Amino acid sequence: MTTLTLTRPGLAELVEGVRELTASSAGPRATAFAVAGLLRERLPSPEILTETERLGDPDHYAAHTLHTEETFSVVAVVWRPGQKTVIHDHIAWCVFGVLQGVEYETLYRDHGDHLTEIGRAANLTGEVSGFAPPGDIHRVHNTGDETAISLHIYGADLSAAPTSVRRTYDLPVR
């Protein structure tokens, strides 16, 4: 019997580096900053995904879990033009790097009965950013004309949790 193993260029080195960083006792914010620095140095190309995976899904952005372990997970997200998330926050720190296209992010503050927009960022190919809760309420949107691909590293084992999203927000934005 032959087993086929998918090789993902750059993933093994990235995983090893993140594993070393998450082994320290640094807090979530410090860990997110350290992992962001590592991802800037080791940001892979879109070829970390197969040609078929890079096509995305016409109905919804597509998330491809590439690696999970107890302290972190690596997920590639493919965004076709116009696709976006709901407004949400996360269960753990998150770092992301844009491999292709533009990932547009809108940040919000929760006031209990409404949200206010507190920032916007157009994250271009090659850019890396990250955050740690609280204060991570956002929406991600592909506002460009081409498919965008981003690599996300979450400080949680997504094989044990159904999603990295802690909560979605259906509050008015003022």
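The following exercises with worked solutions concern a predicted model.

Residues are numbered from 1 along each chain as its sequence is written, and side-chain values use heavy atoms, with hydrogens and water left out. Local features need pLDDT of at least 70 and side-chain atom pairs count only at pLDDT 80 or more, while totals for chains, interfaces and linings use all residues.

**Exercise 1. The open sheet**

Task: Determine which strands form the open sheet of five strands and which are its edge strands.

Solution. Step 1: Strands (E, at least two residues) and helices (H or I, at least four) are DSSP runs, numbered from the N terminus. Two strands pair if DSSP finds at least two bridges between them.

Step 2: The order in the sheet is β1-β2-β9-β4-β7, with antiparallel pairing. β1 and β7 (128-131) are the edge strands, each pairing on one side only. Averaged over the sheet, neighbouring strands are turned by 20° against each other, direction ignored.

Step 3: β1 and β2 run antiparallel and are joined by seven bridges; Ala62 has Val78 in β2 as its bridge partner. These two strands form a hairpin with two residues between them. Between β4 and β9 there are six bridges, also in the antiparallel sense, and Cys94 has Tyr154 in β9 as its bridge partner.

**Exercise 2. The helices on the strands**

Task: State which strands helix α1 touches and which strands helix α2 lies across.

Solution. Step 1: Axes are lines fitted to C-alpha atoms, for helices over the stretch in contact, and angles run from 0 to 180 degrees between N-to-C directions. Contact means heavy atoms within 4.5 Å.

Step 2: Helix α1 (residues 11-22) packs on the sheet and touches β1, β2 and β9, with its direction at about 135° to that of β2.

Step 3: Helix α2 (residues 28-42) lies across β4, β7 and β9 and runs at about 20° to β4.

**Exercise 3. Two residues compared**

Task: Decide whether Val95 is buried or exposed, and find the class of Glu146.

Solution. Step 1: Buried means under 20% relative accessible area, exposed over 50%, and partly exposed in between (1.4 Å probe, protein chains only).

Step 2: Val95 lies in strand β4 and is buried because its relative accessible area is 0%. Leaving aside neighbours within four places in sequence, its contacts include Ala32, Leu39, Val128 and Leu151. Phe33 is 62 residues from Val95 in sequence and 8.1 Å away in space, C-alpha to C-alpha.

Step 3: Glu146 is in the loop between β8 and β9 and counts as partly exposed because its relative accessibility is 44%. Outside four places in sequence, Glu146 is in contact with Trp79, Pro81, Gln100 and Gly101.

**Exercise 4. The largest pocket**

Task: Describe the largest pocket by its volume and lining.

Solution. Step 1: On a 1 Å grid over the protein atoms alone, a pocket is an open set of points where a 1.4 Å probe fits, with protein on both sides within 12 Å along at least five of seven lines; lining residues have an atom within 4 Å of a point. Grid points are joined across faces, edges and corners, and a volume is the space filled by probe spheres set on the points.

Step 2: The volume of the largest pocket is about 350 Å³. Of its 22 lining residues, Ala63, Val75, Tyr154, Thr163 and Ser164 are the closest to the centre.

Step 3: β2 gives the most to the lining, with three residues.

Step 4: The lining divides into 14 nonpolar, eight polar and no charged residues. Here Ala, Val, Leu, Ile, Met, Phe, Trp, Tyr, Cys and Pro count as nonpolar, Asp, Glu, Lys and Arg as charged, and the others, Gly among them, as polar.
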